[in-house]
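Biologist: Could you walk me through this one? I'd like to go feature by feature.

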Amino acid sequence: MTELTERQVVRVAVVQSAPLLFDKADAIAKIASWTQAASREKAKLVVFPEVFVSGYPRGLSFGTRVGSRSPEGREDWYRYWESSIQIPGADTELIGEIAKEAGVYLVVGVVERESGLSQSTLYNSIAYWGPNGTLLGKHRKLMPTGSERLLWGMGDGSTLSVIDTPFGRIGGLICWENYMPLARMAMYAKGIDILVTPTADARDTWQATLQHIAVESRCFVISSNQYVTKDSYPQNLAYYKDILNDPDILSRGGSAIVNPLGAYVAPPLFNKEGLLFGDLDMALVPQSRYDFDAVGHYSRPDVFQLRVNEASQETVTFKEKLLF
């Protein structure tokens, strides 16, 4: 943790919104608008939901059944692929300019397109930018949940990123990664003070998860979810019919901020888009660890140990060709 020479309070903002699905330009425009709104209220850290660029395709089947995928479903997936971004790339530079103009640390959930090899696999990722516009790091979701596994590949330990800031260390796990006890422990061991948890889970049980993780980690926990309605979906999708009988509100949100002792700094926001603000007293992090520190005096390494493989897992490596 950053050494505190005086008591620090940092204002953070959580965005609860959604882009037009598969529309990268709309997503980036909304990032600019919401980030500027947060900056005007003196926020120094702004957090966006899971795969904000370019949307979480809740309810869509992409023409998939066990044992088959339809040509029309491949067309829908191709639209998703076209709306993804590469990290780094022109789109990350554009979002970096948004962070720089607002003077904030910016955390955004994105659909990332693999930049090497076939450039075809997509990943559910978090990307981090600094207030000078620099891309500071990324994290790829380790295990997509359920049907997500056909949309996104699995990340590896090389992107368990932690970002140093003047007000503490920030790290993130995406949605149900936060139900992976060993993934949480790995992040705690990196000395995080603020855990960001972009999500697509709008159920009441997610709130219990946030409070439990805050008490377990003794971190501030920031969760950002999308508020999604059917009118954000293109009606010319091949499988738009999948959501025809769903309610108009596809995700009610539930973004929230929880302090290291499990109390809400900002209670969950439901059934509308908006900004949540929290003034985080960073002295509460070490104070809360007085009687429980999961990777310190409460860890019992003589009984329990965790090995984390942070090596990048490469499918193909090439040796340099020698010229004679």
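Here is our chat about salt bridges, backbone oddities and one helix.

Biologist: Before we start, what kind of model is this?

Modeller: Keep in mind that no value here comes from an experiment on my side. What you're looking at is a predicted model.

Biologist: How many salt bridges does a search of the whole structure find?

Modeller: The general idea is that side chains of opposite charge can pair when their charged atoms come close. Searching the whole structure for such pairs gives a total of 15 salt bridges.

Biologist: Take K138 and E112: how many residues apart in sequence are the parts that this pair ties together?

Modeller: The closest N and O atoms of K138 and E112 are 2.6 Å apart, and the two form a salt bridge. K138 sits in strand 7 (residues 135-140) while E112 belongs to strand 5 (residues 105-113), so their pairing links parts of the chain whose separation in sequence is 26 residues.

Biologist: Is E112 buried or exposed?

Modeller: Its partner K138 has 18% relative accessibility, under the 20% cut-off, so K138 counts as buried. For E112 the relative accessible area is 0%, which makes E112 buried.

Biologist: Which residues are linked with K138 in a network of salt bridges?

Modeller: We've already met one of them, since E112 forms a salt bridge with K138. The network also takes in two more residues, and K138 is linked there with E112, E114 and R140.

Biologist: T159 is in contact with K138, but which backbone nitrogen does the side chain of T159 reach?

Modeller: T159 is in the loop between strand 7 and strand 8 (162-165), and with a relative accessible area of 8% it is buried. Setting aside neighbours within four places in sequence, T159 contacts K138, H139 and R140. At 3.0 Å, its side chain reaches the backbone nitrogen of R140.

Biologist: Where do R184 and E216 lie?

Modeller: The side chains of R184 and E216 meet in a salt bridge, 2.7 Å from N to O. R184 counts as buried, at 8% relative accessibility. The pair ties together parts 32 residues apart in sequence, because R184 is in helix 4 (residues 181-189) and E216 in helix 5 (residues 204-217).

Biologist: And K190 with E310: how many residues apart in sequence are the parts they tie together?

Modeller: This is a salt bridge too, with 2.7 Å from N to O. Here K190 is partly exposed at 23% relative accessible area, and E310 is partly exposed at 42%. K190 lies in the loop between helix 4 and strand 10 (194-196) and E310 in the segment after helix 6 (284-288), so the parts they join are separated in sequence by 120 residues.

Biologist: On to the backbone. The peptide bond from I87 to P88 is cis, so where is P88 found?

Modeller: Omega for the bond from I87 to P88 is near -5 degrees, hence the cis label. There is also a cis bond from V53 to S54, with omega near 0 degrees, and S54 is in the loop between strand 2 (45-47) and strand 3 (64-65). As for P88, the place is the loop between helix 2 (71-82) and helix 3 (90-102).

Biologist: What is the phi of F22, which is not a glycine?

Modeller: F22 is in the loop between strand 1 (9-16) and helix 1 (24-40), and it is buried, with a relative accessible area of 11%. Its phi is positive, at about 65 degrees.

Biologist: R218 has a positive phi as well; where is its place?

Modeller: R218 isn't a glycine either, and its phi is about 55 degrees. It counts as buried, at 8% relative accessibility. Its place is the loop between helix 5 and strand 11 (220-223).

Biologist: Last stop, helix 2: which strands do its buried residues pack against?

Modeller: Helix 2 has twelve residues and spans 17 Å from first C-alpha to last, close to the 16 Å expected. Its buried residues are G73, D76, Y80 and W81; they cover an arc of only 150 degrees around the axis, which puts them on the same side of helix 2. The face turned away from that side carries the exposed residues P71, R74 and E75. The buried ones pack against strand 5 and strand 6 (122-129).

Methods: Residues are numbered from 1 along each chain as its sequence is written. This is a predicted model: local features need pLDDT of at least 70, side-chain atom pairs count only at pLDDT 80 or more; totals for chains, interfaces and linings use all residues. Side-chain values use heavy atoms; hydrogens and water are left out. A salt bridge is a side-chain nitrogen of Lys or Arg within 4 Å of a carboxyl oxygen of Asp or Glu. Helices (H or I, at least four residues) and strands (E, at least two) are DSSP runs, numbered from the N terminus. Buried means under 20% relative accessible area, exposed over 50%, partly exposed in between (1.4 Å probe, protein chains only). A polar contact is a pair of N or O atoms within 3.5 Å; within protein, one must be able to donate a hydrogen and the other to accept it, and residues adjacent in sequence count only if both atoms are side-chain atoms. Contact means heavy atoms within 4.5 Å. The expected span of a helix is 1.5 Å times one less than its number of residues. The arc is that of the directions from the helix axis to the C-beta atoms.
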